[in-house]
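Biologist: I should like to learn how helix packing and ligand contacts are read from a model. Could we work through them one at a time?

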Amino acid sequence: MQDRLAVVTGAANGLGEAIARRLKAEGARLALFDIDAAGLATVAEELDALAIQGDVTEESMVQQGFARIAAELGPADVLVNNVGGSRNQKIWEMSVEAWDFTLRLNLRSAFLCTRAVLPGMMERRCGAIICMSSGAKEGTPWSAEHSGAAAYSTAKAGIHGFIRDVALEVAPYNIRVNAVAPGPIATPRTSPLFAEMEKTLLHPPSRMVPMARIGEPVDIANAVLYLASDEASYVTGVTLDVAGGR
Ligand SMILES: NC(=O)c1ccc[n+]([C@@H]2O[C@H](COP(=O)([O-])OP(=O)(O)OC[C@H]3O[C@@H](n4cnc5c(N)ncnc54)[C@H](O)[C@@H]3O)[C@@H](O)[C@H]2O)c1
């Protein structure tokens, strides 16, 4: 990763922050997107990164952000489409707003950032794009029991379809497109939720995950690093499960 330029979305917290730290430790230069201005400023300062604050589901924001990256840092070598999340509701109660929000956050962000970064990569005939899917692409027992996550699972299965096709389209340009599908990973946002699930659910992660533990952000960051690196130079169109077993 030495001196490669990596763009990470949603890098102010959680897995995106861990991915940015891991890439930085390997010598990458960083441009970080996030909607959380305060969190982004802290992480970007610590990692000596270009900070771009805004909503990556907004077309004009993404275009301006990538133009700024190109002008200030040059062409990007790696894009990590990490932004994602959910408004969970049981399907029979799910609002159209929650459904649309979840698909937009996970899918539109990946589409817009991928479209923005590709022309520079195609010109140079190199690049690696990593998107964030989830174990939810197969359905998640604890989410179904707890709050319902059909919109989220739909979106994360959509990421798998997205990387499969984009990988085919850009393979002639020597650009690789893959995804990581994390299982339950402990972050400041998820840890209290998993603790509650352990107490209240019949199917909490500890019972359903074969390795019987919650993963760490660095488990995901290591997988992203591999897919971003030259060690994965013949790997494309793959969604890598990092989930403690299926
Ligand atoms: N943590 C897990 O257990 C887990 C499991 C499977 C998949 N994932 C996926 O990994 C990714 C990161 O998850 P996380 O747990 O770190 O989430 P998180 O909510 O802790 O962090 C997401 C980051 O994205 C930023 N963000 C949210 N909306 C944005 C927008 N519209 N524009 C720009 N930035 C925005 C947030 O401010 C935050 O910094 C997501 O795609 C998530 O679906 C997480």
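Modeller: Let us begin with a pair of helices, bearing in mind that this is a predicted model. A packed pair is described by an angle and by the separation of the axes; for helix α3 (residues 59–73) and helix α4 (residues 96–124) the angle is about 35° and the axes are 10 Å apart. The crossing of α3 over α4 is right-handed.

Biologist: Which residues of α3 and α4 make the contact?

Modeller: From α3 come E59, V62, Q63 and F66, and from α4 come L112, C113, R115, A116 and V117. Sorted by class, the residues of this contact are six nonpolar, one polar and two charged.

Biologist: At what angle do the axes of helix α1 and helix α2 cross?

Modeller: Helix α1 (residues 14–25) and helix α2 (residues 37–47) cross at roughly 10°, and their axes come within 11 Å. Angles under 35 degrees count as roughly parallel, so α1 is roughly parallel to α2. In this pair, E17, A20, R21 and K24 of α1 meet V43, E46 and L47 of α2. The class count here is three nonpolar, no polar and four charged.

Biologist: How is α4 placed against helix α6, parallel or antiparallel?

Modeller: The same reading applies. The angle between α4 and α6 (residues 150–170) is about 20°, with the axes 8 Å apart. The two helices are therefore roughly parallel. Their crossing is right-handed.

Biologist: Which residues of α4 and α6 meet?

Modeller: On the α4 side they are W99, T102, L103, N106, L107, A110, F111, T114 and L118. On the α6 side they are A150, A151, Y152, T154, A155, K156, G158, I159, F162, V166 and V170. By class, this contact holds 14 nonpolar, five polar and one charged residues.

Biologist: Let us turn to the ligand. How many residues are around the ligand, and which come nearest?

Modeller: A surrounding set is read first as a total and then by its nearest members. There are 28 residues around the ligand, and N13, L15, D34, Y152 and R189 come nearest. Y152 is also one of the α6 residues in the contact with α4.

Biologist: What distances separate polar side-chain atoms of N13, D34 and R189 from an oxygen atom of the ligand?

Modeller: Each is read as a distance between two atoms. For N13, a polar side-chain atom lies 2.8 Å from a ligand oxygen atom. For D34, the corresponding distance is 2.6 Å, and for R189 it is 2.7 Å.

Notes
Residues are numbered from 1 along each chain as its sequence is written. This is a predicted model: local features need pLDDT of at least 70, side-chain atom pairs count only at pLDDT 80 or more; totals for chains, interfaces and linings use all residues. Side-chain values use heavy atoms; hydrogens and water are left out. Axes are lines fitted to C-alpha atoms, for helices over the stretch in contact, and angles run from 0 to 180 degrees between N-to-C directions. Helices (H or I, at least four residues) and strands (E, at least two) are DSSP runs, numbered from the N terminus. A crossing is left-handed if the near helix is turned anticlockwise from the far one by less than a right angle, and right-handed if clockwise. Contact means heavy atoms within 4.5 Å. Ala, Val, Leu, Ile, Met, Phe, Trp, Tyr, Cys and Pro count as nonpolar, Asp, Glu, Lys and Arg as charged, and the others, Gly among them, as polar. Angles under 35 degrees count as roughly parallel, over 145 as roughly antiparallel, 65 to 115 as roughly perpendicular and the rest as oblique. A residue is near a molecule or strand if one of its heavy atoms lies within 4 Å of it. A polar contact is a pair of N or O atoms within 3.5 Å; within protein, one must be able to donate a hydrogen and the other to accept it, and residues adjacent in sequence count only if both atoms are side-chain atoms.
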